[in-house]
Amino acid sequence: HKVANKDDIKEVLHSILPPVTPAELAKEEEAILKSLLSHEKNTADAIDEDDFVKSIVQNSYWRDAGDIVVKELMYFDSLHSYYKTGKPLLDNANYDELHENLTWEGSSVATMSAQEAQFVSTVAASKRGEPQMDDDEYKALKADLKQKGSWVVNREEDALEKMGLNTFMGYLHRAL
């Protein structure tokens, strides 16, 4: 078995969680590390790979948020990869299935324009400390979306949030 360490927990959670606050990220890291260290074979510097993977995929945000947030994260990751690297994470059939599934579940993420998705992805990446564009580009994109009356720049709740359901956008709004 390969071995992970406590720094790997932070790195992986940072990349897979919705855009949470630094305090929420630290709390999740602590909970996962505590769970991992409850196994005799694990130390902070040597965590069994199988235990590591099980703990990461059972993080409280994915568990509490439900399938829709995980699917929305997959959708944004797919868009980001395709537009930034030119390499799709999902083949066309799987992407189309994910998009259709999100549409039927009422996710506003699936109905965003390319500009809206870019804006949301940029804000989320910035919250993670990974800026995707400079301030002037960001301001120009935001101004263009405001001029078009886009709901993403006005931080309005989408329909699922109004019903009390967790969504990627809800996490993003709370982190701002």
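This report describes helix packing, aromatic pairs, salt bridges and a few single residues in a predicted model.

**Helices α5 and α7**

Two packed helices are described by the angle between their axes and the distance between the axes. Helix α5 covers residues 67-85 and helix α7 covers residues 114-127; their axes come within 10 Å and cross at roughly 100°. Because of that angle, α5 is roughly perpendicular to α7. On the α5 side the contact involves F76, L79 and H80, and on the α7 side A117, V120 and S121. Sorted by class, the contact of α5 with α7 has four nonpolar residues, two polar residues and no charged ones.

L79, one of the α5 residues in this contact, also serves as a reference point for a residue further along the chain. E157 lies in the loop between α8 and α9 (159-162). E157 and L79 are 78 residues apart in sequence, and their C-alpha atoms are 22 Å apart in space. With a relative accessibility of 44%, E157 counts as partly exposed.

**Aromatic rings**

A pair of aromatic rings is described by the distance of the centres and the angle of the planes. The model has three aromatic pairs. One of them joins Y75 and F76: the ring centres are 6.5 Å apart and the planes stand at 75°, so this pair is edge-to-face. Both Y75 and F76 are buried. Together with Y95, the residues Y75 and F76 form one aromatic cluster.

Another pair consists of F119 and Y138. Here the ring centres are 5.4 Å apart and the planes are at 15°, so the pair is stacked. The pair links distant parts of the chain, since F119 is in helix α7 and Y138 is in helix α8 (residues 135-147), 19 residues apart. How do the two partners differ in accessibility? F119 is buried, with a relative accessible area of 5%, whereas Y138 at 24% relative accessibility counts as partly exposed.

**Salt bridges**

Side chains of opposite charge can pair when their charged atoms come close. The structure holds four salt bridges. The table lists some of them.

| Lysine | Acidic partner | N to O distance |
|---|---|---|
| K41 | D48 | 4.0 Å |
| K41 | D51 | 3.6 Å |
| K71 | E105 | 2.6 Å |

K41 appears in a salt bridge with D48 and in another with D51. The second of these pairs links distant parts of the chain: K41 sits in the loop between α2 (22-37) and β2 (47-48), while D51 is in helix α3 (residues 49-57), ten residues apart. Is K41 buried or exposed? K41 is exposed, because its relative accessible area is 56%. Its two partners are not: D48 counts as buried at 12% relative accessibility, and D51 is buried with a relative accessible area of 9%.

The salt bridge of K71 with E105 has its N and O atoms 2.6 Å apart. K71 lies in helix α5 and E105 in the loop between α6 (92-104) and α7, so the pair ties together parts that are 34 residues apart in sequence. K71 counts as buried at 19% relative accessibility, and E105 as partly exposed at 31%. Salt bridges that share partners join K41, D48 and D51 into one network.

**Two further residues**

Helix α3, which holds D51, is also the place of S55. S55 counts as buried, with a relative accessibility of 12%. Which residues does S55 touch, leaving aside its neighbours within four places in sequence? S55 is in contact with I32, S35 and L36.

L102 lies in helix α6. At 0% relative accessibility, L102 counts as buried. Leaving aside its neighbours within four places in sequence, L102 is in contact with I68, K71, E72, Y75, S107 and A110. Two of these contacts have been met above: K71 is part of the salt bridge with E105, and Y75 belongs to the aromatic cluster with F76 and Y95. L102 and K148 are 46 residues apart along the chain, and their C-alpha atoms are separated by 24 Å.

Terms used. Residues are numbered from 1 along each chain as its sequence is written. This is a predicted model: local features need pLDDT of at least 70, side-chain atom pairs count only at pLDDT 80 or more; totals for chains, interfaces and linings use all residues. Side-chain values use heavy atoms; hydrogens and water are left out. Axes are lines fitted to C-alpha atoms, for helices over the stretch in contact, and angles run from 0 to 180 degrees between N-to-C directions. Helices (H or I, at least four residues) and strands (E, at least two) are DSSP runs, numbered from the N terminus. Angles under 35 degrees count as roughly parallel, over 145 as roughly antiparallel, 65 to 115 as roughly perpendicular and the rest as oblique. Contact means heavy atoms within 4.5 Å. Ala, Val, Leu, Ile, Met, Phe, Trp, Tyr, Cys and Pro count as nonpolar, Asp, Glu, Lys and Arg as charged, and the others, Gly among them, as polar. Rings of Phe, Tyr and Trp (its six-membered ring) pair if their centres lie within 6.5 Å; planes under 30 degrees apart count as stacked, over 60 as edge-to-face and the rest as tilted. Buried means under 20% relative accessible area, exposed over 50%, partly exposed in between (1.4 Å probe, protein chains only). A salt bridge is a side-chain nitrogen of Lys or Arg within 4 Å of a carboxyl oxygen of Asp or Glu.
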